[in-house]
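Take a first look at the sequence and the fold. The paragraphs below lead through a few places in turn.

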Amino acid sequence: MSQQVIRLIVTSDTHGHWLNQPDNPKASLFNTATCIENLKAKEAAVTLTIDLGDFIQGSSFATYLSQERQDGRVIARAMNVIGYDYQLIGNHEFNFGQDYRDQIIEDLNADLLVSNIIDDATGKPFLGKPYDIIEQNGIKIGIIGVTTSYIPNWELPAHYEGLRFEDAFESAKHYVDIVRDQVDVVILAYHGGFERDLVTKEPLEELTKENQGSEMLSGIEGVDVLLTGHQHRELNQQVNQTYVIQPGYAGEIVAEVEIQLGDKQKVSKINGTLHNTAQCEVNQAVKAVMEPEITDGNNWLNTVLGVAPLEQVTISPIDARLNGHPFIEFLNQIQFDETGADFSSVALVNDAFVNFHGEITNETLLKSYPFYNLIAKVNVTGNDLYEVMEFNLQYLEVNAQGNIDVNPEYVEPKPRHYNFDVYSGMTTTVDMTQPVGHRVASIVDDRTEKMLDKNATYSVALSQYRAVGGGDFKWYGKEKIESISNIDIATLMKDALSTYSQEKWDYINSNYQHLKWEPKLNVADMNNP
């Protein structure tokens, strides 16, 4: 009997990059669409096209749709033209609330695979179905969809009200056990990644269950292919019985998995390929169906909002994080103004801050702060803040040359520069020659010029993500939130461009340093992102 081929075409974490990709501004998801079209044209007994989630949030255009049009259904129109068979839910599908997400999903032609996000009222998956069994050309394929169960640790409770998130590993195992004996091939599609190195099995992160891919590989029998996402990694390898693939992010990569079946429909060989989509042409059919939103979005993003007279004291992201920057201070002042908190903290999430000066367009603003975050006022003790700062400083290490450098654990396997916060309203003296957990020499309240009272309670302004404990900042949490804003940070940034006085800008440009380094060490690489 001749061999038959099952072809899987997979994207993940596309994050709405229909106008441009972050690492390749000349390409976009329109190039990705053509790559998918080319792969679908290849011969196979069965071809399945799957998106693993995080598809409605994460780009300037996605923010335009959610905040200005308040209608993201154009994304469904585009994905229907591409012709996806299956769609997973990612954690970022919860960012804009359930109603916004559901209006997009209702327009999708793809089948939704959701096994572990459960409607409390019905006890069943809140959308779609947990798995599907496909039978084509005498081949039976089982495909199961599962999403990271860590979402409540990041998201506002109102955005997942009435839902519970069951353990991703347990759900995957349960449904693989149901499906395995009914099919020739088992595919586990997971919006999540790997908590351990695939070769050494050493932990890559704290074992919080945000990522459980390694647990699935070691603890679930009978999975032929494990499709993964969430971490924005490029993975393509066999791990024991299972073929593993992860297609990066922003549509820069399309993953292709070719499963060959031999006698009695047994899997004889699996090959994977990661295709760089920038080499494909723009898909005009998909682009046409996204009008007028694409043109309107472009025009809106290029609209000038105002002028930011911020001084560019450095273009190095690590220097900005360690020694401060007026852009970071600008964000903290916005949070102070909104909450009246004692202190404020923000993370420098990328290197686009270098463009935030002079004339500011919507695009400039949203690239420098790409998240739809509300601002929370959280109450913690002075002792909590000492421990928070010690945890914060784990982002850094002293390298063999005696210079301050970024801890490699915050760079690989997934960059986590967003997990280092810069605080305003207090000055922290840091001694990096001391061991981890003993680096904070003192924290002084800038208002009183006195050290924090470890037994006193203070209020801190934080993004909603950090306020609920996102990034494993366990000292914060829902129970400590005093209030939360009705307006997101990006909107408040726009307002500040028209309302801040020159005196306010002068203050920001001269009061942005809040860390003292004693002894002072050199920074390893000022160009390190």
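**A walk through the model**

Arginine 416 sits over the face of tyrosine 410, at 4.4 Å from the ring centre. This is a predicted model. Another arginine is placed in a similar setting: arginine 101 lies over the face of phenylalanine 94, at 4.8 Å from the ring centre.

Rings also meet rings. A search of the whole structure turns up 23 aromatic pairs. Ring pairs join Phe327, Phe330, Phe356, Tyr500 and Trp505 into a cluster.

Turn next to helix α14, which covers residues 489-499. At its start, aspartate 488 offers a side-chain oxygen. That oxygen comes to within 3.1 Å of the backbone nitrogen of alanine 490. Which residues of α14 are buried? They are Ile489, Ala490, Leu492, Met493, Ala496 and Leu497. Seen down the axis of α14, these buried residues fall within an arc of 160°, so they line one face of the helix. The general rule behind such a pattern is that an α-helix has 3.6 residues a turn, so residues three or four places apart point the same way. The face of α14 turned away from the buried side carries Ser498 and Thr499, which are exposed.

Now the strands. Strand β6 (residues 131-136) runs antiparallel to β7, and six bridges join the two. They form a hairpin with two residues between them. In the turn, asparagine 137 has a positive phi of about 50°. Glutamine 136 has isoleucine 139 of β7 as its bridge partner.

Strand β7 (residues 139-147) has another partner to consider. β7 pairs with strand β9 (residues 185-191) in the parallel sense, over seven bridges. Here glycine 142 has valine 186 of β9 as its bridge partner. How many of the nine residues of β7 are buried? Eight of them are, which leaves the strand mostly covered.

The last stop is a loop. Serine 28 lies in the loop between β1 (4-11) and α1 (29-40). Is serine 28 buried or exposed? Its relative accessibility is 5%, so serine 28 counts as buried; the cut-off for buried is under 20%. The side chain of serine 28 reaches the backbone oxygen of tryptophan 18 at 3.4 Å. Leaving aside neighbours within four places in sequence, serine 28 is in contact with His17, Trp18, Leu19, Asn20 and Gln21. Tryptophan 18 thus appears both in this contact list and as the residue that the serine 28 side chain reaches.

Note on methods: Residues are numbered from 1 along each chain as its sequence is written. This is a predicted model: local features need pLDDT of at least 70, side-chain atom pairs count only at pLDDT 80 or more; totals for chains, interfaces and linings use all residues. Side-chain values use heavy atoms; hydrogens and water are left out. Buried means under 20% relative accessible area, exposed over 50%, partly exposed in between (1.4 Å probe, protein chains only). Helices (H or I, at least four residues) and strands (E, at least two) are DSSP runs, numbered from the N terminus. The arc is that of the directions from the helix axis to the C-beta atoms. A polar contact is a pair of N or O atoms within 3.5 Å; within protein, one must be able to donate a hydrogen and the other to accept it, and residues adjacent in sequence count only if both atoms are side-chain atoms. Rings of Phe, Tyr and Trp (its six-membered ring) pair if their centres lie within 6.5 Å; planes under 30 degrees apart count as stacked, over 60 as edge-to-face and the rest as tilted. A charge sits over a ring if NZ of Lys or CZ of Arg is within 6 Å of the ring centre and within 35 degrees of the ring normal. Contact means heavy atoms within 4.5 Å. Two strands pair if DSSP finds at least two bridges between them.
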